[in-house]
Amino acid sequence: MLFRSGLWHLETGKHLGDIPFDAIRIDDMEFSPGGRFLVSCATRAFGKSPTVVHDVKTGKPVTAFADGLSSATSLAFAPDGLSLATAHNDGTIYVWNTTD
């Protein structure tokens, strides 16, 4: 792990917890439509950089979406939360099935 990102409740200012990241840079992150998950795509110093899904309550990784040889640089959920699109630095776009 190279750094942690804190989560705070915007209305109360209460610290909700931290999410660890094994990366040198976070390229994009987004909450799932239901707010249960935080998905991130990041750049690692070495090796492949999967798109990682974290449980917001625990801060722990739930799953990761691994793809071809390139790293995701941006992501977006469908409004219904049933799919996640990732755009990659080689120009490819993947659409992943997911549930919230």
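## Overall architecture

Strands are DSSP runs of E with at least two residues, numbered from the N terminus. In this predicted model, the protein has nine strands and zero helices. Read from the N terminus, the order of elements is therefore β-β-β-β-β-β-β-β-β, with the strands taken as DSSP runs.

The protein has 100 residues, of which 36% count as buried. Its exposed surface comes to about 6,100 Å², and carbon and sulfur atoms account for 57% of that area. With regard to contacts between residues at least 6 apart in sequence, 25% join residues that are at least 24 apart.

## Aromatic pairs

Two aromatic pairs are counted in the protein. One of them joins Phe-65 and Trp-96: the ring centres are 5.0 Å apart and the planes stand at 35 degrees, so this pair is tilted. The angle of 35 degrees belongs to neither of the other classes, because stacked requires planes under 30 degrees apart and edge-to-face requires over 60.

Another pair is formed by Tyr-94 and Trp-96, with 5.7 Å from centre to centre and 25 degrees between the planes. This arrangement is stacked, because planes under 30 degrees apart count as such.

## Placement in the strands

Phe-65 belongs to strand β6, which covers residues 61-65, while Trp-96 belongs to strand β9, which covers residues 93-97. Their pair therefore ties together parts that are 31 residues apart in sequence. Tyr-94 also lies in strand β9.

Phe-65, Tyr-94 and Trp-96 together make up one aromatic cluster. Within this cluster, Tyr-94 and Phe-65 are 29 residues apart in sequence, and the distance between them in space is 9.8 Å, C-alpha to C-alpha.

## Burial of the aromatic cluster

Which members of the cluster are buried, and which are partly exposed? Phe-65 and Trp-96 are both buried. For Trp-96 the relative accessible area is 17%, and this residue counts as buried because the limit is under 20%.

Tyr-94 has a relative accessible area of 28% and is therefore partly exposed. The value of 28% falls in the partly exposed class because buried means under 20% and exposed means over 50%. The stacked pair of Tyr-94 and Trp-96 thus brings together a partly exposed residue, Tyr-94, and a buried one, Trp-96.

Conventions. Residues are numbered from 1 along each chain as its sequence is written. This is a predicted model: local features need pLDDT of at least 70, side-chain atom pairs count only at pLDDT 80 or more; totals for chains, interfaces and linings use all residues. Side-chain values use heavy atoms; hydrogens and water are left out. Helices (H or I, at least four residues) and strands (E, at least two) are DSSP runs, numbered from the N terminus. Buried means under 20% relative accessible area, exposed over 50%, partly exposed in between (1.4 Å probe, protein chains only). Contact means heavy atoms within 4.5 Å. Accessible areas come from the Shrake-Rupley method with a 1.4 Å probe; for residues, only the protein chains shown count as cover. Rings of Phe, Tyr and Trp (its six-membered ring) pair if their centres lie within 6.5 Å; planes under 30 degrees apart count as stacked, over 60 as edge-to-face and the rest as tilted.
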